[in-house]
Amino acid sequence: MTTDASPATARIVVMGVSGSGKSLIGSGLAARRGWAFIDGDDLHPELNVAKMTAGIPLTDDDRWPWLDIVSATLAGSTDGIVMACSALRRAYRDRIRAAAPDAVFLELTGSRELLWQRMSARPGHFMPASLLDSQLATLESLAPDEAGAQVSIEGGPAEVLDRVDAALRDERPPVPGTE
């Protein structure tokens, strides 16, 4: 991973399929850095939320307007920011990078069984566990030429956050706030 992010423009996207802990880990990472946290789920148009609630997978046509909102939010940040956003496909991440070229992606990874277990234990979330397989089928993991790292979700939140910190520290130049 490479980035030329400065403290005023640091942008981290915590990505992965539903149930990977994007919101939990993203908010924890933001708290550790003293940065803003935004959950990309909160930026979905109502129609997208209604489709997912009904168990209907989103199409690219559904996702583009939402990704434009995510991208604009990241690009408009004047301070460090952590965004939770599925960013499942390379094309989605490219769309985000077009507006926020210094964005760094942290892909949360875990077994299907662990993801299913977590999704099934979330009462009231609009994304049903029945959509997990569609998300896994859509997922294109980070490529070596993309700024970012993969981090396992095995263990508790503190363990995952420690791995995130290590992944950010191990890269040169470091992301501000990780020293």
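The protein has seven helices and five strands, and, read along the sequence, these elements follow the pattern β-α-β-α-α-β-α-β-α-α-β-α. The model is a predicted one, and the protein averages a pLDDT of 82, with 81% of the residues scoring at least 70. Over residues 1-9 the pLDDT is below 50, although this stretch has 26 contacts in the model beyond near neighbours in sequence. Over residues 172-179 the pLDDT is also below 50, and that stretch has 21 contacts in the model when near neighbours in sequence are set aside.

## Overall packing

Of the 179 residues in the protein, buried residues make up 46%. When contacts with a separation of 6 or more are considered, 75% of them are accounted for by residues 24 or more positions apart.

The largest nonpolar core has 39 residues, and those with the most contacts inside it are Ile12, Leu29, Leu74, Cys85, Ile96, Phe105 and Val164. Helix α7, which spans residues 157-170, supplies the largest share of this core, namely five residues. Cys85 can serve as an example of the surroundings of one core residue: leaving out residues up to four places away in sequence, Cys85 touches Val13, Val14, Met15, Gly16, Lys22, Trp66, Leu67, Val70 and Ile96.

## Helices α3 and α4

How many aromatic pairs does the structure hold? The structure holds one such pair. Its members are Trp64 and Tyr92, whose ring centres are 5.5 Å apart and whose planes stand at 85 degrees, so the pair is edge-to-face. The pair links distant parts of the chain, since Trp64 is in helix α3 (residues 60-75) and Tyr92 is in helix α4 (residues 90-99), 28 residues apart.

Tyr92 counts as buried, with a relative accessibility of 1%. In α4, Tyr92, Arg93, Ile96 and Arg97 are buried. These residues cover an arc of only 135 degrees around the axis, which puts them on the same side of α4. Ile96 thus appears in two settings, being among the residues with the most contacts inside the largest nonpolar core and also among the buried residues of α4.

Arg63 is found in helix α3. Is Arg63 buried or exposed? Arg63 counts as buried because its relative accessibility is 8%, which lies under the cut-off of 20%. Not counting residues up to four places away in sequence, Arg63 touches Leu58 and Tyr92, so Tyr92 is a contact of Arg63 as well as the ring partner of Trp64.

## Individual residues in loops, a strand and a helix

Ser20 has its place in the loop between β1 (11-15) and α1 (22-33). Ser20 is buried, with a relative accessible area of 1%, and its side chain reaches the backbone oxygen of Val17 at 2.7 Å.

Ala87 lies in another loop, the one between β3 (81-84) and α4. Most residues other than glycine have a negative phi. In Ala87, however, phi is near 45 degrees, a positive value in a residue other than glycine. Ala87 also counts as buried, at 0% relative accessibility.

Ser134 lies in helix α6, which covers residues 132-138, and Thr109 lies in strand β4, which covers residues 104-109. Ser134 counts as partly exposed at 25% relative accessibility, and Thr109 is likewise partly exposed, with a relative accessible area of 26%. Leaving aside its neighbours within four places in sequence, Thr109 is in contact with Gln150, Val151, Ser152 and Ile153.

For each of these two residues, the table gives a partner residue elsewhere in the chain, with the separation along the chain and between the C-alpha atoms.

| Residue | Partner | Separation along the chain | Distance between C-alpha atoms |
|---|---|---|---|
| Ser134 | Val17 | 117 residues | 9.5 Å |
| Thr109 | Gly21 | 88 residues | 9.4 Å |

Val17 therefore has two roles in this account, as the residue whose backbone oxygen is reached by the side chain of Ser20 and as the partner of Ser134 in the table.

Technical notes
Residues numbered from 1 in each chain as written. Predicted model: local features only at pLDDT ≥ 70, side-chain atom pairs only at ≥ 80, totals over all residues. Heavy atoms only, no water. Core = buried A, V, L, I, M, F, W, Y, C linked by side-chain atoms within 4.5 Å. Buried < 20%, exposed > 50% of the residue type's maximum accessible area, 1.4 Å probe, protein only. Helix = DSSP H or I, 4+ residues; strand = E, 2+ residues; numbered from the N terminus. Contact = heavy atoms within 4.5 Å. pLDDT = per-residue confidence, 0-100. Polar contact = N/O pair within 3.5 Å; in protein donor to acceptor, adjacent residues only side chain to side chain. Phe/Tyr/Trp six-rings, centres within 6.5 Å; stacked < 30°, edge-to-face > 60°. Arc of directions from axis to C-beta.
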